[in-house]
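Visitor: I should like a close look at a single part of this model, namely the aromatic side chains and what surrounds them. Please treat it as one connected account.

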Amino acid sequence: FHEQSNEIADKFRQIPRSRPSDQKGLSNTVVAETARAVETLATIWWKMQHADAPNFYLMPTRLGVLADDIRQHTALLAEQQRANAYKAQSLKGLRSLALFGSLFIDEPFVTSEDGTIKYTDFRTKGLLDVAFDRTVDDINRANWICPMYWMSSGTLRRLVQQDSTGALWRREAVMDALAHFQTASNVPDRVQTRLRAAGYQQPDAFKNVFEVLFYQGILDENNDYTDTFVMVLDRKIIIRLHENPFPHRKKQIRYVGLKQFEMEPLAYGVGREGLRIQKDIDANRNRMQDLITFSLLSIWKVARRANLDYSDLEIKPWNIIELDDPDSLQPVRPDINAINFGILLEKMMKEDFRLLTGATDNLQAQVTEATAREVILAMNEAMRRVATYGEVVADAMLGEHIARAIKNNQQWINDPMWLAWTGEKEPVEIIPASIKKPVRAELRIVTDKDFAPAR
């Protein structure tokens with residue numbers, strides 16, 4: 001699994017595979033078809049999520065919720081999205097989701113570095129950085145999940161200092177570990193391989209880094225089914241041990257899958273689906289390039305009886321080569337017409353790749369006089385597929401994030417604040433009693449359902 005993940009990442013970055021020393025003269029290229037498909041899908045889904053600002057609206061779930069309560073909480077959530085850089089982080093996550101088909105999202109409740117705002121963070125994590133219970137087919141329902149972090153001593157000190165009440169971090173254990181432990185390199189080989197392939201070759205890049213395991217799940221010793229959060233430093237020292245602190249009662253890290261299939265916990269993405277065809281495209285392109293190189297750098301066949309002086313084989317005007325038999329020196333000519341068939345074959349394989357992954361080259365919305373239902377029925381297969389997955393992904397990424405943010409705000413935002421909000425002439429006052437009113441979020445995303453007929 002780890003080798004395949006790194007191989008898929010190399011295809012996205014167009015990093016060629018290593019070849020034996022006796023094949024150095026042959027072409028070794030990677031066609032950017034995987035990268036094109038990933039960028040196509042990721043940017044389309046990103047535009048669907050961010051076509052409107054804010055990309056959500058709140059609705060009351062009980063009586064007694066005033067319009068001003070909705071306005072305050074909407075302004076707070078919009079400002080929190082700017083604080084956690086949701087636009088940039090969501091594009092990064094969508095890129096990973098399109099490539100690998102799987103994405104882990106870490107959502108702690110944090111305070112900004114300047115202390116001006118608290119918010120639910122949105123951090124994406126890679127597949128190589130998370131362990132989970134593999135006995136289930138839905139990772140979000142797993143008994144336990146354990147993201148892995150690699151932190152410097154400064155990062156650990158900062159996190160401990162932010163816990164002013166001491167309810168989460170065991171301060172003495174952390175400080176004692178920092179004083180007595182000098183780690184060399186706890187970063188796993190699979191992660192180092194991925195980073196080195198991307199160009200991070202510094203010899204000290206992986207030194208003096210602490211491994212932090214953050215177990216979130218059920219402990220048999222507790223004899224109950226509630227989640228316990230345990231953080232272990234260098235697999236030796238427990239630096240956090242407490243119950244799930246979140247009001248939504250869910251784990252801090254969660255999973256988003258793209259193309260999920262029965263009985264399999266990890267979903268499929270462009271990388272896994274198109275890996276075989278991508279290899280065929282690369283091989284075909286390399287053969288064409290080798291054929292062209294062979295034709296340009298001609299190879300000659302010479303008969304032993306030619307009596308040829310090789311010093312005469314120089315490129316110069318009016319050069320004359322003396323031979324006993326002119327037919328004893330002839331070029332080796334490959335069939336250059338085979339390149340045309342190679343081009344046609346590459347075109348066919350690219351079309352198969354794009355049809356398989358959904359990143360076709362005709363993803364273009366059109367404005368028509370048809371009704372929304374007629375548009376759904378008449379739209380092409382590619383746009384229907386992209387719109388369907390775009391809606392599912394938006395619910396899983398954005399919808400769940402806002403739902404958790406609402407619960408966290410209602411639990412932990414206890415001080416009033418003033419926020420500047422686009423469209424308002426004056427700052428908006430955020431009153432804790434107002435944002436504690438029960439509301440739920442609906443998304444404002446653009447899919448095929450949002451095209452209405454002209455009247």
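Guide: A residue counts as buried under 20% relative accessible area, as exposed over 50%, and as partly exposed in between. Trp 144, at 28% relative accessibility, is therefore partly exposed. The model is a predicted one, and this residue is a convenient place to enter it.

The structure holds 8 aromatic pairs. In one of them, Trp 144 is stacked with Tyr 215, the ring centres being 6.0 Å apart and the planes 20° from each other. Trp 144 belongs to strand 7 (residues 144-151) and Tyr 215 to strand 8 (residues 210-217), so this pair ties together parts of the chain that are 71 residues apart in sequence.

Another pair is formed by Phe 214 and Phe 229. Their ring centres lie 5.5 Å apart and their planes stand at 90°, so the pair is edge-to-face. It links distant parts of the chain, with Phe 214 in strand 8 and Phe 229 in strand 9 (residues 228-233), 15 residues apart. As for burial, Phe 214 has a relative accessibility of 1% and therefore counts as buried, and Phe 229, with a relative accessible area of 0%, is buried too. Both residues also belong to an aromatic cluster, which is made up of Phe 109, Phe 214, Phe 229, Phe 246 and Trp 412.

Aromatic rings meet charged groups as well. The charged end of Arg 240 sits over the ring of Trp 169, 5.2 Å from the ring centre. Likewise, Arg 272 lies over the face of Tyr 268, at 4.0 Å from the centre of that ring.

The wider setting of these rings is given by the nonpolar cores. In soluble globular proteins, nonpolar side chains tend to be buried together. The largest nonpolar core here has 57 residues, and those with the most contacts inside it are Trp 45, Leu 94, Leu 97, Phe 104 and Met 397. Helix 11 (residues 381-412) provides the largest share of this core, 10 residues. Another core, of 19 residues, lies apart from it and includes Leu 159, Ala 177, Leu 178 and Phe 214. Phe 214 thus appears in the edge-to-face pair, in the aromatic cluster and in this core.

Leu 159 leads on to helix 5 (residues 153-162), where Leu 156, Leu 159 and Val 160 are buried. Viewed down the helix axis, the buried residues of helix 5 fall within an arc of 100°, so they line one face of the helix. The general background is that an α-helix has 3.6 residues a turn, so residues three or four places apart point the same way.

In the 57-residue core, Met 397 can be followed by its contacts. Beyond its neighbours within four places in sequence, Met 397 is in contact with Gln 49, Tyr 86, Ser 90, Leu 94, Leu 97, Leu 103, Ile 105, Phe 122, Arg 254 and Val 256. Of these partners, Ser 90 may be examined from its own side. Ser 90 lies in helix 4 (residues 86-100), and it is buried, with a relative accessible area of 0%. Not counting residues up to four places away in sequence, Ser 90 touches Trp 46, His 50, Phe 122 and Met 397. Phe 122 is therefore listed as a partner of both Met 397 and Ser 90, by the contact criterion of heavy atoms within 4.5 Å.

Strand 9, which carries Phe 229, also borders a backbone feature of interest. Arg 235 lies in the loop between strand 9 and strand 10 (237-243). This arginine has a positive phi of about 60° although it is not a glycine, and at 60% relative accessibility it counts as exposed. Most residues other than glycine have a negative phi.

For the chain as a whole, there are 12 helices and 16 strands, and buried residues make up 42% of the 455 residues. Among contacts with a separation of 6 or more, 70% are between residues 24 or more positions apart. The stacked pair of Trp 144 and Tyr 215, whose parts are 71 residues apart in sequence, offers a local view of such long-range pairing.

Note on methods:
Residues are numbered from 1 along each chain as its sequence is written. This is a predicted model: local features need pLDDT of at least 70, side-chain atom pairs count only at pLDDT 80 or more; totals for chains, interfaces and linings use all residues. Side-chain values use heavy atoms; hydrogens and water are left out. A nonpolar core is a set of buried Ala, Val, Leu, Ile, Met, Phe, Trp, Tyr and Cys residues joined through side-chain atoms within 4.5 Å. Buried means under 20% relative accessible area, exposed over 50%, partly exposed in between (1.4 Å probe, protein chains only). Helices (H or I, at least four residues) and strands (E, at least two) are DSSP runs, numbered from the N terminus. Rings of Phe, Tyr and Trp (its six-membered ring) pair if their centres lie within 6.5 Å; planes under 30 degrees apart count as stacked, over 60 as edge-to-face and the rest as tilted. A charge sits over a ring if NZ of Lys or CZ of Arg is within 6 Å of the ring centre and within 35 degrees of the ring normal. The arc is that of the directions from the helix axis to the C-beta atoms.
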